[in-house]
Structures are given as structure tokens and as C-alpha cells.
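This report describes selected features of one protein model. Please keep the sequence and the structure in view while reading.

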Amino acid sequence: MKFYHYPHCPFCQRVRLVLKAKGITYQDIPLSYADVKTPTDLIGSKMLPIIDFADGTVMGESLDLIKELEKRFPEPSLTHNWIEPDLDWASNIITRAPKFWDIVLPYYLDEYEGSPEFDEAGIQYFKEGKEAKRGKTFEELKADAPAMYNQNLVIILAEIVSRVEGGWIGQQFSMADCVLASDLSGLRSVKGIEIPPQIISYIEKVENQCGEDLIDW
Ligand SMILES: N[C@@H](CCC(=O)N[C@@H](CS)C(=O)NCC(=O)O)C(=O)O
């Protein structure tokens with residue numbers, strides 16, 4: 001099995017956590033962010049994560065992938081005592097957090113400096129694409145990050161804390177936790193903000209459960 005991913009990418013990270021939590025052996029293939037050909041040849045578009053299951057099935061889309069992994073590798077179960085709304089909640093909460101990606105994106109380049117995704121061409125592709133979409137440079141986004149955080153994220157992070165404090169999203173550890181921890185992970189690199197300590201402990205608890213450090217690619 002081959003896992004194509006970008007180490008910083010939260011969609012890829014949720015799949016990585018599930019692979020690790022299940023103890024699945026796979027070939028780890030981090031791609032340069034500027035590599036258009038490899039993903040396009042595999043699934044017809046430049047979008048990671050992708051898994052080549054080596055039986056003729058090649059798939060993208062992170063939520064489909066983690067469900068497929070659960071089907072193919074049922075133990076340990078990541079859906080035990082689990083309900084679909086937990087996964088819906090986990091995968092939607094950050095889309096309800098305005099400016100979340102504006103705050104986090106520029107810091108991925110610092111945190112994952114030297115990783116294969118961010119070779120020279122990869123950095124340029126990433127930075128130019130994200131800056132063009134947002135109409136602001138990474139330097140401007142970084143300068144605005146503390147104010148954007150205080151205005152937009154404090155309340156939603158409190159909602160997350162109240163849901164996960166002292167436990168998991170559902171009754172037990174599940175794939176929903178892999179999804180949420182991956183999205184939240186990038187916040188740890190942002191300078192000038194104070195993330196609730198419960199958020200940090202939650203991400204670390206998920207990483208420990210899976211045996212994977214998301215920042216140490
Ligand atoms: N819906 C997709 C989203 C994946 C996604 O957005 N991947 C980003 C990296 S974080 C990507 O491959 N972007 C390619 C690009 O922007 O060139 C999933 O859940 O797998």
C-alpha cells in the first residue's frame with residue numbers, strides 16, 4: 001500500500017493518524033507541493049491524500065479513505081461506540097471557524113521547513129497559490145493572526161474544549177478524534193496567540209493514542 005501525502009496537510013494527517021492507530025504497514029510517499037503530475041496521474045487532479053491499495057484501488061478524499069481503512073483493517077476499531085454525527089461534527093467544526101486557515105496556513109511553511117513537500121518549487125507553489133486566493137501576503141496574514149484569532153476563534157475553541165475536555169469526541173477514541181486533532185494541530189505553530197491548554201493536551205492525547213507526532217514528519 002502506498003500513501004501519498006503532504007506532511008503539513010490536515011486532510012493527509014487524519015489519514016496518517018488512522019494508518020498509525022491501526023498499525024498498518026505502508027509505503028510513505030511525501031510529495032513536493034509543486035508535483036502536479038503524480039497526483040494527477042493517480043486520480044485525475046492535484047489533490048492529496050491518495051492511497052494506492054495495491055489491489056487496483058487508488059483513492060483520494062480523506063474521509064472516504066479513513067472509512068475504507070476501517071473496512072479493510074477493522075482492528076483496532078476506530079468506530080467502536082461511535083456515531084456518524086461525531087464525525088460530522090469533527091469535520092465541520094473548523095469550517096465554522098472563520099479565518100482559521102488564514103491564521104494557520106503561513107505557519108505551516110515554518111513548521112514543516114525542510115520537509116519534502118516544501119522544496120524550493122513547493123514553497124513557491126504553496127505561497128503564491130494561498131496568497132493569491134486570500135489577497136494578502138503571508139507576512140500580512142501573520143501580522144493579522146493574533147487579532148483574527150481573538151476575534152474569530154476564541155469562542156469556537158471554547159466549544160471544542162467543552163466537547164473534548166477530559167475525554168474524546170464520542171464515548172471512546174474514534175476516527176472523529178483523528179480528524180479534529182489534525183485540523184487543530186497547525187494552531188500550535190502560530191505565534192502571538194494563546195491556545196487553550198486543553199486544546200494542546202487533546203491534540204497530544206490523540207497523537208499518543210496513534211503513536212504519531214504530527215509535527216515531526
Ligand atoms: N476534500 C479533500 C481535500 C484535500 C485537500 O484540500 N488537499 C490539499 C492539501 S491540504 C491539496 O491537495 N491541495 C492541492 C493544491 O492546492 O494544489 C480531502 O478531504 O481529501
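In this predicted model, the ligand is surrounded by Tyr 6, Cys 9, Phe 11, Lys 46, Met 47, Leu 48, Pro 49, Gly 60, Glu 61, Ser 62, Leu 63 and Gly 129. By class, this shell around the ligand consists of seven nonpolar, three polar and two charged residues.

The report now turns to the packing of helices. Two pairs are set out in the table.

| Helix pair | Crossing angle | Distance between axes |
|---|---|---|
| Helix 5 (residues 100-111) and helix 7 (residues 138-152) | roughly 135° | within 8 Å |
| Helix 1 (residues 10-21) and helix 10 (residues 197-210) | about 45° | 8 Å |

For the pair formed by helix 5 and helix 7, the axes cross at roughly 135°. An angle that is neither under 35 degrees, nor over 145, nor from 65 to 115 counts as oblique, and helix 5 and helix 7 are therefore oblique to each other. Their crossing is left-handed. Helix 5 contributes Asp 102, Ile 103 and Pro 106 to the contact, while helix 7 contributes Phe 138, Leu 141, Lys 142, Ala 145, Met 148 and Tyr 149. Seven of these contact residues are nonpolar, none is polar and two are charged.

Helix 1 and helix 10 pack at an angle of about 45°, and this makes helix 1 oblique to helix 10. On the side of helix 1, the contact involves Leu 17, Lys 20 and Ala 21; on the side of helix 10, it involves Val 206, Gln 209 and Cys 210. The contact of helix 1 with helix 10 comprises four nonpolar residues, one polar residue and one charged residue.

Is helix 9 enclosed by the rest of the structure, or exposed, and why? A residue counts as buried if 20 or more other C-beta atoms lie within 10 Å of its own. Eleven of the eleven residues of helix 9 (residues 175-185) are buried, so this helix is largely enclosed by the rest of the structure. Among the buried residues are Asp 177, Ser 182, Asp 183 and Ser 185, as well as Met 175, Val 179 and Leu 184. The buried residues of helix 9 pack against helix 1, helix 3 (62-72), helix 4 (84-92) and helix 10.

A final residue to locate is Asp 213, found in the segment after helix 10. Asp 213 has 12 other C-beta atoms within 10 Å and is exposed, because a residue with 12 or fewer such atoms counts as exposed. Between Asp 213 and Ile 203, the separation is ten residues in sequence and 9.7 Å in space, taken from C-alpha to C-alpha.

Conventions: Residues are numbered from 1 along each chain as its sequence is written. This is a predicted model: local features need pLDDT of at least 70, side-chain atom pairs count only at pLDDT 80 or more; totals for chains, interfaces and linings use all residues. Axes are lines fitted to C-alpha atoms, for helices over the stretch in contact, and angles run from 0 to 180 degrees between N-to-C directions. Helices (H or I, at least four residues) and strands (E, at least two) are DSSP runs, numbered from the N terminus. A crossing is left-handed if the near helix is turned anticlockwise from the far one by less than a right angle, and right-handed if clockwise. Two residues are in contact if their C-beta atoms, placed from the backbone, lie within 7 Å. Ala, Val, Leu, Ile, Met, Phe, Trp, Tyr, Cys and Pro count as nonpolar, Asp, Glu, Lys and Arg as charged, and the others, Gly among them, as polar. A residue is near a molecule or strand if its C-beta atom, placed from the backbone, lies within 6 Å of it.
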